[in-house]
Amino acid sequence: MDTELQSLLYQQWSNGACRGYVIRAMENCDFSPDDITRVVSELHYVFDTCGIEEAETHYQNSPY
C-alpha cells in the first residue's frame, strides 16, 4: 500500500473535523448562517448521545 493511501486510511477521527465537513457542505449548498448554526449545535448533542457504530448504522439505513 502506498504511503499516501495508508495515511488517508489511518487518519484520526475528530468530531471537530466532522463538524467542519458538515459546515463546508452546508456552505457549498448555500444554507443560511442560522441554519448552519442550528445544525452544528445539534451535532454537539448527537455526538454526546450517539456512538460511532450507531451513527454508521443510521447512515447505512438512511435514504441518503
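**How two helices meet, and what lines the pocket**

The crossing of helices H2 and H3 is right-handed. Keep in mind that this is a predicted model.

User: Which residues make that contact between H2 and H3?

Analyst: On the H2 side you'll find Asn 15, Cys 18, Arg 19, Val 22, Ile 23, Met 26 and Glu 27. H3 brings Asp 35, Ile 36, Val 39, Val 40, Leu 43, His 44 and Phe 47. Sorted by type, the contact has nine nonpolar, two polar and three charged residues.

User: Why are H2 and H3 called roughly antiparallel?

Analyst: Look at the angle: the axes of H2 (residues 15–28) and H3 (residues 33–49) cross at roughly 155°. Angles over 145 degrees count as roughly antiparallel, so H2 and H3 get that label. Their axes also come within 10 Å.

User: What makes Arg 19 and Glu 27 charged members of the contact, and Val 22 a nonpolar one?

Analyst: It's down to residue type: Arg and Glu count as charged, while Val counts as nonpolar.

User: Now the largest pocket. How do you know that H4 matters to its lining?

Analyst: Just go by the count: helix H4 (52–60) gives the most to the lining, with five residues. H3 also supplies at least two.

User: Which residues lie nearest the centre of the largest pocket?

Analyst: Those are Val 46, Ala 55, Glu 56, His 58 and Tyr 59, out of 14 lining residues. The lining splits into nine nonpolar, four polar and one charged, and the pocket holds about 530 Å³ of space.

Technical notes. Residues numbered from 1 in each chain as written. Predicted model: local features only at pLDDT ≥ 70, side-chain atom pairs only at ≥ 80, totals over all residues. Heavy atoms only, no water. Axes fitted to C-alpha atoms, helices over the stretch in contact; angles between N-to-C directions. Helix = DSSP H or I, 4+ residues; strand = E, 2+ residues; numbered from the N terminus. Parallel < 35°, antiparallel > 145°, perpendicular 65-115°, else oblique. Left-handed = near helix turned anticlockwise from the far one by under 90°. Contact = heavy atoms within 4.5 Å. 1 Å grid on protein atoms, 1.4 Å probe; cavity = no way out; pocket = protein on both sides within 12 Å on 5 of 7 lines; lining within 4 Å. Points joined across faces, edges and corners; volume = space filled by probe spheres on them.
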